[in-house]
Amino acid sequence: MKKTFSLALAVLLTATCLHVQAQTVKIGHTRIDYILAQTDENKVITNLLTVQQKQSETELKRLQQEFQEKYTAYQKGVAQMSDLIRKDRETELQGLQARIQEFSRSADEALQSKYRQLVSPTLTKIQQAIDSVAKENGYTHILNTGNSRDILYAPEETNITDLVLKKLGITPGQEESPAKPATSTPKATAPAKKAAPKKK
């Protein structure tokens, strides 16, 4: 009898705790990418990334042009080259092609790294604004619905985006695109190398 009473009491206490917890949970949602797009920093970040990307594209085109010129010269003169010179030219072309590919990869990584470096302080400021809005309005959880397929439904009345924008000193309703390394540096596309004619 005593064990039965203890078990019933434990179940009752558990149910009561769950009920209280259910009453205190308040979930809101927002879109960090949208908020980022509204900030003044977004335009600065976009401009800086665009400058860096154009510089990388210019250098990549220069390298590709250099490769094309040397490859064309190789094709025109390969029939008259000795084996030693032909191998030297082919090694040079292979090295230049590898250099182009490495530069393209490094440029992409540098652009991504620059983006993270530039956007980090702004994201921190946005997170602080979200924290403040959540505490002021009694939210226990805030979901980020931007670019997420996991959130299938979120009622508009729990959308705190406008409150966060106001906390950041931004007037809601503006439309901008968030800064991001939108397009990576064009990949190196070196022309296919034809087999050198055999010496007679």
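## Notebook: helices α3 and α4 and their surroundings

**Entry 1. The pair α3 and α4.** I looked first at how α3 and α4 lie against each other: their axes approach within 10 Å and cross at roughly 175°. An angle over 145 degrees counts as roughly antiparallel, and therefore I recorded α3 and α4 as roughly antiparallel to each other. I then sorted the residues of the contact of α3 with α4 by kind, and they divide into 18 nonpolar, seven polar and twelve charged. I note here that the model is a predicted one.

**Entry 2. The chain as a whole.** I went through the elements of the protein chain and found five helices and two strands. Read from the N terminus on, their order is α-β-α-α-α-β-α. The protein chain has 200 residues, of which 27% count as buried. For the later entries I wrote down the limits of the two helices already met: α3 covers residues 40-77, and α4 covers residues 83-136.

**Entry 3. Positions where the chain comes back to itself.** I looked up Ile100, which is found in helix α4. Is Ile100 buried or exposed? Its relative accessibility is 2%, and since buried means under 20%, Ile100 counts as buried. I then took the distance from Ile100 to Leu63: the two are 37 residues apart in sequence, and their C-alpha atoms are 6.4 Å apart in space.

I did the same for Gln64, a residue of helix α3. Gln64 has a relative accessible area of 23% and is partly exposed. From Gln64 to Gln101 the separation is 37 residues in sequence and 10.0 Å in space, C-alpha to C-alpha.

The third position I examined was Arg31, in the loop between β1 and α2 (32-38). Arg31 is partly exposed, at a relative accessible area of 38%. Along the chain, Arg31 and Thr145 are 114 residues apart, yet 5.3 Å separates their C-alpha atoms.

**Entry 4. Salt bridges.** Side chains of opposite charge can pair when their charged atoms come close. How many salt bridges does the count come to? I recorded twelve salt bridges, and I examined several of them in turn.

In helix α3, I found Glu59 in a salt bridge with Arg62, with 2.8 Å between the closest N and O atoms. Glu59 and Arg62 are three residues apart, about one turn of the helix. I checked the accessibility of each partner: Glu59 is partly exposed at 24%, and Arg62 is partly exposed at 39%. I then followed the links further and found a network of salt bridges that joins Glu59, Arg62, Glu66, Lys70 and Glu92. One of its members, Glu59, lies in α3.

In helix α4, I looked up Arg105 and found it in a salt bridge with Glu102, at 2.4 Å from N to O. Glu102 and Arg105 lie three residues apart in α4, about one turn of the helix. Arg105 also meets Glu109 in a salt bridge, at 2.6 Å from N to O. Here the spacing is four residues, again about one turn of the helix, and both residues lie in α4.

I listed the accessibilities of these three residues of α4 as well:

- Glu102 is partly exposed, at 38% relative accessibility.
- Arg105 is partly exposed, with a relative accessible area of 37%.
- Glu109 is partly exposed, with a relative accessible area of 45%.

**Entry 5. A nonpolar patch.** I turned next to the surface. Which residues form a nonpolar patch there? I recorded Val25, Ile27 and Leu143, which together have about 230 Å² of accessible area. Where is Val25 found? I placed Val25 in the loop between α1 (2-24) and β1 (27-30). Val25 has a relative accessible area of 42%, and I entered Val25 as partly exposed.

**Entry 6. Summary for the reader.** I return to the pair with which I began. The helices α3 and α4 are roughly antiparallel, and α4 carries Arg105, which has salt bridges to Glu102 and to Glu109. In α3, Glu59 pairs with Arg62. Ile100 of α4 is buried, whereas Gln64 of α3 is partly exposed. Outside this pair, I noted the loop residues Val25 and Arg31.

Technical notes
Residues are numbered from 1 along each chain as its sequence is written. This is a predicted model: local features need pLDDT of at least 70, side-chain atom pairs count only at pLDDT 80 or more; totals for chains, interfaces and linings use all residues. Side-chain values use heavy atoms; hydrogens and water are left out. A salt bridge is a side-chain nitrogen of Lys or Arg within 4 Å of a carboxyl oxygen of Asp or Glu. Buried means under 20% relative accessible area, exposed over 50%, partly exposed in between (1.4 Å probe, protein chains only). Patches are made of residues with over 30% relative accessible area and no salt bridge: like charges are joined within 9 Å, nonpolar side chains (Val, Leu, Ile, Met, Phe, Trp, Tyr) within 5 Å. Accessible areas come from the Shrake-Rupley method with a 1.4 Å probe; for residues, only the protein chains shown count as cover. Axes are lines fitted to C-alpha atoms, for helices over the stretch in contact, and angles run from 0 to 180 degrees between N-to-C directions. Angles under 35 degrees count as roughly parallel, over 145 as roughly antiparallel, 65 to 115 as roughly perpendicular and the rest as oblique. Ala, Val, Leu, Ile, Met, Phe, Trp, Tyr, Cys and Pro count as nonpolar, Asp, Glu, Lys and Arg as charged, and the others, Gly among them, as polar.
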